[in-house]
Number of protein chains: 2
Amino acid sequence: MSERIYNFSPGPATLPPSVLQEAATDIVNFHDKGIGLIELSHRSKEFMAVAEETEGLIRELLQVPDNYKVLFLQGGASSQFYMVPMNLLGTGKKATYLNTGAWSKKAIKEAKLFGDIKVAYSSEESTYNRVPTDDDYSVATESEYLYFVTNNTIYGTQFADMPKSDTMLVADMSSDILSRPVDVSRFGIIFAGAQKNMGPAGVTVVILRDDLLDCNAETVPTMLRYKTHADKDSMFNTPPCFSIYCVGRVMNWLKEQGGVAAMEKINQRKAGILYDAIDGTDFYRGHAEKASRSLMNISFNLPTPELEARFISEAAAVGFDGLKGHRSIGGCRASIYNAFPEEGVQKLVDFMADFAEKNG
Amino acid sequence: MSERIYNFSPGPATLPPSVLQEAATDIVNFHDKGIGLIELSHRSKEFMAVAEETEGLIRELLQVPDNYKVLFLQGGASSQFYMVPMNLLGTGKKATYLNTGAWSKKAIKEAKLFGDIKVAYSSEESTYNRVPTDDDYSVATESEYLYFVTNNTIYGTQFADMPKSDTMLVADMSSDILSRPVDVSRFGIIFAGAQKNMGPAGVTVVILRDDLLDCNAETVPTMLRYKTHADKDSMFNTPPCFSIYCVGRVMNWLKEQGGVAAMEKINQRKAGILYDAIDGTDFYRGHAEKASRSLMNISFNLPTPELEARFISEAAAVGFDGLKGHRSIGGCRASIYNAFPEEGVQKLVDFMADFAEKNG
């Protein structure tokens with residue numbers, strides 16, 4: 001099969017075909033300079049320009065205020081689970097966490113190594129089928145920050161609005177960063193692995209307020225201090241050059257689409273098509289409560305696990321890949337990040353109607 | 001300039017053109033499956049096969065014993081500076097370090113956060129122009145390990161033979177891994193950033209003996225325990241997929257060249273051509289003592305800084321890139337890792353003779 005499939009994978013995920021073509025050209029011969037992109041020294045003027053452009057585009061698209069740093073780190077969002085509390089907490093310091101899924105639960109576990117962690121909300125007992133409203137929890141007094149995951153990839157839930165708390169927000173935005181406008185100034189730290197909405201795996205974008213750079217205890221290794229990387233523009237050691245380059249190309253594509261405000265409308269439309277298909281029949285059943293539904297990951301079930309297996313298998317046979325739900329909740333999941341084409345959503349919905357009719 | 005230049009960069013460094021071509025094809029359409037390489041889920045059977053093949057080739061080329069794990073981590077070799085002692089040391093535990101350059105010095109600084117570190121040797125006062133022989137130092141009694149850097153990229157020094165100590169060896173092999181055969185069984189841990197001899201930046205290969213996996217204190221974050229990654233075949237979280245793929249392609253290329261024993265002969269020949277050129281005139285002067293000379297990085301000086309600047313500039317103009325020495329020692333440096341073509345070394349030597357004649 002050489003025709004392009006529809007890739008509903010939760011991440012690494014589908015990317016704009018134009019970006020793949022650019023990367024293919026540059027890998028062999030970067031800007032016709034007789035050297036491949038991945039052979040460029042990270043200290044070459046060519047790569048420095050790539051990194052600067054990538055940072056500039058992220059700043060522009062998310063309207064990042066000047067008193068924030070944009071860092072390109074390694075180790076995935078999972079490494080931020082400990083880096084955030086390692087840098088911001090310490091003996092006697094407190095933070096409030098919202099437990100809305102597997103990733104927040106993991107973040108809570110790591111944070112407990114570094115401070116007094118209050119879990120103010122959990123939807124674990126209902127298999128994380130919802131995120132809280134502001135009335136559902138209270139932020140513990142003297143919390144250094146309120147930590148939450150804006151979009152829960154596995155369960156298909158998303159904060160439609162950010163928490164209104166006056167406490168500084170810290171958010172894992174791995175699966176919905178740049179899918180909609182966000183007021184960065186309300187956050188102390190935003191971080192996101194690139195492999196869902198920004199590019200390939202291998203780089204984690206960390207946006208942090210610069211007054212948070214000096215919180216380190218002496219016992220924190222050099223590489224684990226945000227300040228180390230901020231002081232050297234993410235070039236303290238060799239950065240993940242190729243992933244940074246690709247993020248830049250995706251940002252450029254996103255800008256061409258009209259930026260995050262335009263993208264939000266497209267995302268609402270794409271998700272709307274799918275949720276309408278789910279709600280329009282008893283055959284499909286969404287996992288998330290309606291008010292908590294994600295525009296990025298649509299998790300749903302069919303009447304039986306057998307039908308789910310057949311659905312996933314028959315879908316794959318006609319070019320819809322990655323629809324299997326996460327093993328922790330089973331069922332199906334369609335991940336439709338920024339780069340997922342709208343016509344693919346329409347085609348999936350047609351397939352779903354057809355499958356329901358044949359098997360309902 | 002679309003003709004390929006000769007890239008003497010110390011890392012990221014030159015790669016085999018065939019690997020760049022493979023990557024360019026696979027990025028757009030992986031194995032004709034209608035999906036790009038960097039869009040593949042890390043849990044897809046396609047990418048799992050890529051990771052398995054890469055690990056298998058490293059094992060084969062380095063003859064890694066069965067009781068060793070091969071991990072693909074992130075954060076660069078610099079992250080191993082703290083991960084090694086964080087996992088292997090603890091209060092009251094001791095290790096011996098050899099200070100042969102900037103990277104070992106940084107490793108010593110981080111290790112001191114986690115244990116009792118004895119620096120048994122240092123060539124810092126002579127600008128790291130040599131590595132020790134076994135007679136030059138004693139390993140502190142009860143050391144958990146002896147730590148050293150096999151090849152010092154900046155200064156152009158290399159251990160021609162590994163230390164004979166009975167103490168378990170731990171080595172940073174970032175700049176000479178796979179350039180020659182090595183007896184892995186003498187090491188507890190070997191690690192190397194990929195961007196010199198293995199592929200693009202973004203992945204660090206860690207080879208470690210499996211009895212070292214259980215040394216963690218409870219206070220070590222999940223992501224910083226070797227066991228976390230070993231238990232999940234480096235898929236505890238999303239790995240740097242593209243870099244792992246490229247390492248696999250480079251390993252495949254290396255196998256086609258005859259493996260590490262054949263490559264060592266080529267490397268000896270390439271470095272020999274350059275050192276002969278340096279030794280054959282008073283115009284050029286090698287930085288390293290002869291017995292400590294590196295086959296990977298050849299650091300040398302010209303009579304004056306002005307001549308060095310002109311040399312680097314004129315060389316760049318005719319397609320020799322990356323010859324500027326590290327800012328800490330100045331001068332010139334030719335990095336000629338496995339993938340650097342022999343004809344490029346010959347052409348540089350011709351250029352050097354010409355330059356010396358005109359300016360000597």
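In the predicted model, chain B contains an open sheet of seven strands with mixed pairing. The strand order across the sheet is β2-β10-β9-β8-β5-β3-β4 (chain B). Strands β2 (68–73) and β4 (116–122) of chain B form the edges, each pairing on one side only. From one strand to the next, the twist averages 15°.

Within this sheet, strand β5 (residues 143–149) of chain B runs parallel to strand β8 (residues 169–172) of chain B, and four bridges join the two. One residue pair in this register is Val149(B) with Asp172(B), the latter being the bridge partner in β8(B).

Helix α3 (residues 76–88) of chain B packs on the sheet. The strands of chain B touched by helix α3 are β2, β3 (94–99), β5, β8, β9 (187–193) and β10 (204–209). The direction of α3(B) makes an angle of about 155° with that of β9(B). Helix α4 (residues 102–111) of chain B lies across β3, β4, β5 and β8 of chain B, and runs at about 160° to β3(B). Strands β3, β5 and β8 of chain B are thus listed both for α3(B) and for α4(B).

Chain A was examined at the level of its domains. The chain is divided into domain 1, spanning residues 17–256, and domain 2, spanning residues 259–359. Taken over C-alpha atoms, the centres of domain 1 and domain 2 of chain A are separated by 27 Å. The contact draws 24 residues from domain 1 of chain A and 24 residues from domain 2 of chain A. Between them, the two domains of chain A bury about 2,100 Å², of which 55% is on carbon and sulfur atoms.

Polar interactions also link the two domains of chain A. The count of salt bridges between domain 1 and domain 2 of chain A is one. A salt bridge is formed by the side chains of Arg130(A) and Glu289(A), with an N to O distance of 3.1 Å. In addition, 15 residue pairs are in polar contact between domain 1 and domain 2 of chain A, counted with both residues at pLDDT 80 or more. On the side of domain 1 of chain A that touches domain 2 of chain A, the elements giving two or more residues are β7 (157–158) and α6 (241–256) of chain A. The most is given by α6(A), with three residues.

Terms used:
Residues numbered from 1 in each chain as written. Chains lettered and ligands numbered in written order. Predicted model: local features only at pLDDT ≥ 70, side-chain atom pairs only at ≥ 80, totals over all residues. Heavy atoms only, no water. Pairing = 2+ DSSP bridges. Axes fitted to C-alpha atoms, helices over the stretch in contact; angles between N-to-C directions. Contact = heavy atoms within 4.5 Å. Domains from an automatic or database assignment. Buried area = accessible area lost by both parts, 1.4 Å probe. Salt bridge = Lys/Arg side-chain N within 4 Å of Asp/Glu carboxyl O. Polar contact = N/O pair within 3.5 Å; in protein donor to acceptor, adjacent residues only side chain to side chain.
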